[in-house]
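User: I'm new to this one and would like a quick tour. Can we go through it one question at a time?
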Amino acid sequence: MNATGKTERARLSAEDWEDAALELIAEQGVGALAVESLARDLGVTKGSFYWHFRTREALLQASIERWEQYVEREVISQIGMISDPRQRLPELFRRVAHEVQPHRVYAALLKALDHPLVVPVMARISQRQMEFLRQLYTEAGLDSQASLNRSRLTYAAYVGFLQLNFTPGLPRVSHEDFDAYVEHMLATLTPV
C-alpha cells in the first residue's frame, strides 16, 4: 500500500462518496453515476472508491438508502415530534418547501423508476410519506376517507411540483412566487 492510497482513504469516507453520488444524481440523474468521473470530481483515484464499495451499484444502494434515512430522520421524525397536528402540517409544508437538495434527489429518482435499486426505496418512501400525511390529517380531525383523499392530493401536489420545477425548459419559479405557492398550498390543504 502506498502513502497516497492511505491519504485518500483517510480523507474520504464512505459517506463522502455517498454525498458526492447524491449530488451527481441530483444534478444529472441516476444514469450519470460513474465511479471514474466521480473519483475525478473528488480529486482521488478509483482505488479510494474500492476501499469503501465493491461496485457502482453498491454506492448507488448506499447513497439512496442514506437519502431515505435523511428524509425519515430530518423530516418525518422531527415533524412528528410537534404535538399539535394542525401545526405539523404547516411546518411540514414549509420545511419541505425550502430543502432543495432532497427535492432534486427525489425528482431524479422519480425519473429512474425502472432501476431495480431505486424502485424499493421509492416504494418505501412513498408509502411512509402517504401514511404520515394520512395520520396528520386524521389527527387534525378529518375522517378516514377524507384523510386518505387529502394525503393523496397533498402527495400528488408535491410530486407534480417537483416535476414542473425540475423539468428542463420550463421557467423556474421565483423565490417570491414559490413562497406564495407554499402559502396557497397551506391554505388549500390544511383543515380549518
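User: Which residue forms a salt bridge with Glu-68?

Analyst: Keep in mind that this is a predicted model. Look for a side-chain nitrogen of Lys or Arg within 4 Å of a carboxyl oxygen. Here the closest N and O atoms are 2.8 Å apart, so the pair passes that cut-off. The partner of Glu-68 is Arg-124.

User: Which helices does that pair link?

Analyst: The two residues sit 56 places apart along the chain, so to speak in distant parts of it. Glu-68 belongs to one helix and Arg-124 to another: helix 5 and helix 8.

User: Is Glu-68 buried or exposed?

Analyst: The cut-off for buried is under 20% relative accessible area. Glu-68 comes in at 7%, so it falls on that side. Its partner Arg-124, at 32%, counts as partly exposed. Glu-68, then, is buried.

User: Which residues are linked with Glu-68 and Arg-124 in a network of salt bridges?

Analyst: That salt bridge is part of a network. Besides Glu-68 and Arg-124, the network takes in Glu-72 and Arg-128.

User: What does Val-71 touch, leaving out residues up to four places away in sequence?

Analyst: Val-71 lies in helix 5, which covers residues 56–80. It is buried, at a relative accessible area of 6%. One of its contacts is 58 residues away along the chain, with the C-alpha atoms separated by 9.4 Å. The residues Val-71 touches are Ile-76, Ile-125 and Gln-129.

User: How far apart are the closest N and O atoms of Arg-134 and Glu-131?

Analyst: Both residues are in helix 8, and because they are 3 residues apart, about one helical turn separates them. Arg-134 is partly exposed at 24%, and Glu-131 is partly exposed too, at 36%. They form a salt bridge, and its closest N and O atoms are 2.5 Å apart.

User: And which residue forms a salt bridge with Lys-46?

Analyst: Lys-46 is in helix 4, and its partner is in helix 3, 10 residues apart from it. Lys-46 is partly exposed at 37%, and the closest N and O atoms of the pair are 3.8 Å apart. The partner is Glu-36.

User: How many salt bridges does the count come to?

Analyst: We've met a few of them, including Lys-46 with Glu-36 and Arg-134 with Glu-131. The count comes to 11.

User: Which residues touch the most other members of the largest nonpolar core?

Analyst: This core has 55 residues. Elements giving two or more residues to it include helix 2, helix 3 and helix 5. Leu-33 has contacts with Ala-21, Leu-24 and Leu-59, among others. The residues that touch the most other members are Trp-17, Leu-33, Leu-38, Leu-59, Trp-67, Leu-92 and Leu-109.

User: Which helix gives the largest share of the lining of the largest pocket?

Analyst: The pocket has a volume of about 700 Å³. Of its 34 lining residues, the closest to the centre are Phe-93, Val-96, Ala-97, His-103 and Tyr-158. Several helices supply at least two lining residues each, including helix 5, helix 6 and helix 10. The largest share, 7 residues, comes from helix 9.

User: How many residues of that lining are nonpolar, polar and charged?

Analyst: The lining residues divide into three groups. The counts are 25 nonpolar, 7 polar and 2 charged.

Key. Residues numbered from 1 in each chain as written. Predicted model: local features only at pLDDT ≥ 70, side-chain atom pairs only at ≥ 80, totals over all residues. Heavy atoms only, no water. Helix = DSSP H or I, 4+ residues; strand = E, 2+ residues; numbered from the N terminus. Buried < 20%, exposed > 50% of the residue type's maximum accessible area, 1.4 Å probe, protein only. Contact = heavy atoms within 4.5 Å. Core = buried A, V, L, I, M, F, W, Y, C linked by side-chain atoms within 4.5 Å. 1 Å grid on protein atoms, 1.4 Å probe; cavity = no way out; pocket = protein on both sides within 12 Å on 5 of 7 lines; lining within 4 Å. Points joined across faces, edges and corners; volume = space filled by probe spheres on them. Nonpolar A, V, L, I, M, F, W, Y, C, P; charged D, E, K, R; others polar.
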